[in-house]
Amino acid sequence: MKSSLRSAGQVFGSIQLTLVLSIVVPLLAISGLAIYLGVGAVEKALNDRLQEDLELVARAARGPLSRAMQENDELVIGDSLRSIFRIGRVSGASVFDEDGARVASLGLADTDVGNSASAEQVINSGELGGAFRRVDGQSVFSHFTPLVADDGRIQGLLQITRRRSDFHELLASSRLWAVSIWSALAVTIILVVVLGHYGAVGRHVSKLLSNMAELAPGHWRLDTDPSGPRELRQVYGGVRDMGERMARAEEEIQQRVARERELAERLEYQEKIAMIGRVAGGVAHELGAPLNVIQGRADILARHGLTSEQRRQLDDISCQVGRMTTIIRQLLDCFRHVPDSRRPVSLDAVLEDVLDRAGEDEKCRGKRLLSQGFDVGARVKAEPVRLELACLNVVRNACQAARSEVVLSLHHKSDEWEVRVDDDGPGIAMEKREAVFEPFYSTRAAGEGTGLGLAVVSSVLKEHGGRAEIGSSESGGCRMSLFWPVEETV
């Protein structure tokens, strides 16, 4: 029911129907009234013309009939009546004396006009006259003409009749022509309005409505060119501008939502890191003292004379204590968060220091450390110690995996700086590249790594809004790329 009402509302509210009701209907009403008045005038003119025809016939026959009446010549009267039928289209002709008695007749005629008001008026006034009346059961127009003697006396009347149907045939024909002309005019106007509206306005409105119906979240921009009259093009321009504003507003909302989501994720991550950091700090504090005691006792025992087996056992104790100390230190590095200490830093200078420190590191001994692209003046906003720690951990991992060479290079990528570390080792399998950043996950054999080096790198990158990618180097080994946002200059 509602859909039917809605469809009816759309039909009755259309521009075409509005044009028909507001323009075509008034035009047709005015034209119909004009034609009606015109037909009335034509009918009156035809009526007058037919009466004038009878009057002319009567005038032509009045002279001979007047003389024949005066001379009482019935033969001339009969010939005159027959001549009336030859002159005009009449239904009957009659001659009456001054008392209204019929003298002679042909066709439809009264037998006595003594009681006829029209005849009496003509006799009294001496002027022509006539009226519609019934003769022999038929409706006719009866025209009376006085027959005047030489002395001016009215000696009789000439009656000429014509059937009413003769009048009506002409009038009906004129009405038929008027109705036909008005109908043709109405059809022509409606076709011109409807087709003209569609060609000039309607199809462009339909196209605009179709384009507007396609507007939806994510599709606010109109790509088609405007068409139609100037006003429609202006409406199209307004809709297109509105769509542009909606698209920009939607993009801003999406960007704001993405930023808020990113901030929420970072906040959640920072809260998680802070909590883990507090736990790690407590664990480090609680384990640090016993480990120091164990290491101290081992150092004291090492100063006494021991057998080779006992010294080997003490060395194992010292090695494990050192390993546990390293794990605690890396745990603290992994979950330490110092965002307030960030400042503009020269990334190429930090990488120079990383190469110097890596050259002294035990894991990088015997490996060639090469550098590329350190002269580009890269600037990032970071905490220098954490930045250097992340880069150094990646170089150390590369040194452990490389057979002979590690290449550290710097590249500019749009709004990021890429720190790229390539090695010529075996590389990292595709299915393991996501897992290597998880804490305590290691690709090396048990006991050869803590599994926290790349977890520290991931933690530092998240603190700084960066990211890491793992690929393959040109030599077939692993390529670790660290992306740091470019410092925004004011």
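Here are four short exercises on the model above, each with a worked solution.

This is a predicted model, in which local features need pLDDT of at least 70, side-chain atom pairs count only at pLDDT 80 or more, and totals for chains, interfaces and linings use all residues. Residues are numbered from 1 along each chain as its sequence is written, and side-chain values use heavy atoms, with hydrogens and water left out.

**Exercise 1. Find how many helices and strands the chain has, and what share of its residues is buried.**

Start with the elements: the chain holds 10 helices and 12 strands. Helices (H or I, at least four residues) and strands (E, at least two) are DSSP runs, numbered from the N terminus. Next, take burial: of the 490 residues, 35% are buried. Buried means under 20% relative accessible area, exposed over 50%, and partly exposed in between (1.4 Å probe, protein chains only).

**Exercise 2. Work out which elements supply the largest nonpolar core.**

A nonpolar core is a set of buried Ala, Val, Leu, Ile, Met, Phe, Trp, Tyr and Cys residues joined through side-chain atoms within 4.5 Å. The largest one has 40 residues, and Leu387 and Trp484 are among those with the most contacts inside it. At least two of its residues come from each of H8, E8, H9, E9, E10, H10 and E12. H9 gives the largest share, 9 residues. A second, separate core has 18 residues, including Phe141 and Ile160.

**Exercise 3. Compare the spans and the burial of helices H8 and H9.**

First, the spans. The expected span is 1.5 Å times one less than the number of residues. H8 has 14 residues and reaches 20 Å from first C-alpha to last, close to the 20 Å expected. The 18 residues of H9 should span 26 Å, and its end C-alpha atoms are 26 Å apart, which agrees.

Now the burial. Leu347, Val350, Leu351 and Val354 are among the buried residues of H8. Seen down the helix axis, the buried residues of H8 fall within an arc of 150° (taken from the directions from the axis to the C-beta atoms), so they line one face. In H9, 13 of the 18 residues are buried, so this helix is largely enclosed by the rest of the structure.

**Exercise 4. Decide which residues of strand E8 lie on its covered face, and which strand pairs with E8.**

In a regular strand the side chains alternate between the two faces of the sheet. In E8 (residues 379-382), Val380 and Ala382 form the covered face, while Arg379 and Lys381 form the uncovered one. E6 (residues 343-346) pairs with E8 in the antiparallel sense over 4 bridges; pairing requires that DSSP finds at least two bridges. Within this pair, Arg343 stands opposite Ala382.
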